[in-house]
Amino acid sequence: MAVRITPSILNADFADLTGELGRISGADLVHVDVMDNHFVPNLTLGLPVVERIVAASAVPVDAHLMIEDADRWARGYAEAGCASVTFHAEASVAPIRLAREIRAAGARAAIAVRPTTDIAPYLDYLEELDMLLVMTVEPGFGGQRFLESTVSKIAAAREAIDASGRDIWLQVDGGISRDTIATAARAGADTFVAGSAVYGAEDPNAEVTALRELAAAAR
């Protein structure tokens, strides 16, 4: 099973995003956190900036929408050229319809759940999804510590994905570093968001490689 490392640019230098994207050229995707200061208590990037990132990045863009009214806005990120668009279960009124709209617009459709959200209801329609994101911190800020309480949720998601027989990625986001990535990988994750661990390293590309090797060895 493939291991994918998706660095978050939340910890990058926003004054030189083109340069910062070049520092993670070995990544599988670039994770772009979209926050609206409503669904989460932080404000980051919107659709116009994400469109520019898509145009500037040699690495496919993985958009993580931490926004209210995802049903209204998510399709636009797929139409902008994002390879994958993740919306939160807690912010969607019609998640199945939204996943289908994202796919129809040419992107992989993914749903995310917060650490305290029951994942069970969303395992019933895995066939509508290309990726499931288990948040391993409360969404909204980078640099938080990995929540060990989410490991059982990752394992439950992996069991359901394997039983489905479908090619669905299982992503984790929050507190992923050299110290925690093996724990998440052993629980069943295969796609890892890492922000401060990558951009806080002297050589971000080398850190991407190191994280990928640690995850692969743990699986």
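Tutor: Quick definition first: a helix here is a DSSP run of H or I with at least four residues, and helices are numbered from the N terminus. Also keep in mind that this is a predicted model.

Student: Okay, then which helix is Ser 196 found in?
Tutor: Look at the stretch covering residues 196-199. That run includes Ser 196, and its name is helix 7.

Student: Is Ser 196 buried, partly exposed or exposed?
Tutor: Buried means under 20% relative accessible area and exposed means over 50%. Ser 196 touches Asn 11, Gly 143 and Ala 201, leaving out residues up to four places away in sequence. Its relative accessibility is 40%, so Ser 196 counts as partly exposed.

Student: Let's see the sheet. What is the order of its strands?
Tutor: It's an open sheet of eight strands with parallel pairing. Strand 1 (4-7) and strand 2 are its edge strands, each pairing on one side only. Neighbouring strands are turned by 25° against each other on average, direction ignored. Reading across, the order is 1-8-7-6-5-4-3-2.

Student: Which residue stands opposite Gln 171?
Tutor: Strand 7 (residues 169-173) pairs with strand 8 (residues 191-194) in the parallel sense, over three bridges. Across from Gln 171, in strand 8, stands Thr 191.

Student: And at about what angle does helix 3 run to strand 4?
Tutor: Helix 3 covers residues 70-79 and lies across strand 2, strand 3 (61-66) and strand 4 (84-88). Against strand 4 (84-88), helix 3 runs at about 170°.

Student: Which residues does the UniProt annotation "active site" cover?
Tutor: The annotation comes from an unreviewed entry, and it covers two aspartates. They span 141 residues in sequence, yet their C-alpha atoms are no more than 10.7 Å apart, so they gather at one spot. Both are in the lining of the largest pocket. Their names are Asp 33 and Asp 173.

Student: Which residue's side chain makes a polar contact with the side chain of Asp 33?
Tutor: Asp 33 is in strand 2 (residues 30-35), and at 6% relative accessibility it counts as buried. Among the residues it touches are Leu 10, Thr 44, His 64 and Asp 173. The side-chain polar contact comes in at 2.6 Å, and the partner is Ser 8.

Student: What about Asp 173: how long is the polar contact between its side chain and that of His 64?
Tutor: Asp 173 is in strand 7 and is buried, with a relative accessible area of 10%. Its contacts beyond four places in sequence include His 31, Asp 33, His 64 and Val 193. The polar contact joining the side chains of Asp 173 and His 64 is 3.3 Å.

Student: Gly 140 is under the UniProt annotation "binding site". What is its relative accessibility?
Tutor: That annotation, from an unreviewed entry, also covers Ser 8, His 64 and Asp 173, among others. Gly 140 is part of the lining of the largest pocket and lies in the loop between strand 6 and helix 5 (151-164). It is in contact with Met 35, Val 40, Asn 42 and Met 66, leaving aside neighbours within four places in sequence. Gly 140 counts as buried because its relative accessibility is 3%.

Student: Last one: is Glu 128 buried or exposed?
Tutor: Glu 128 is in the loop between strand 5 (108-113) and strand 6 (131-135). It touches Ile 96, Ala 99, Arg 100, Arg 103 and Ala 109, not counting residues up to four places away in sequence. Its relative accessible area is 8%, so Glu 128 is buried.

Key: Residues are numbered from 1 along each chain as its sequence is written. This is a predicted model: local features need pLDDT of at least 70, side-chain atom pairs count only at pLDDT 80 or more; totals for chains, interfaces and linings use all residues. Side-chain values use heavy atoms; hydrogens and water are left out. Helices (H or I, at least four residues) and strands (E, at least two) are DSSP runs, numbered from the N terminus. Buried means under 20% relative accessible area, exposed over 50%, partly exposed in between (1.4 Å probe, protein chains only). Contact means heavy atoms within 4.5 Å. UniProt positions are given in the numbering used here, feature names are shortened, and annotations may be inferred rather than shown by experiment. On a 1 Å grid over the protein atoms alone, a cavity is a set of points where a 1.4 Å probe fits but cannot get out, and a pocket is an open set with protein on both sides within 12 Å along at least five of seven lines; lining residues have an atom within 4 Å of a point. A polar contact is a pair of N or O atoms within 3.5 Å; within protein, one must be able to donate a hydrogen and the other to accept it, and residues adjacent in sequence count only if both atoms are side-chain atoms. Two strands pair if DSSP finds at least two bridges between them. Axes are lines fitted to C-alpha atoms, for helices over the stretch in contact, and angles run from 0 to 180 degrees between N-to-C directions.
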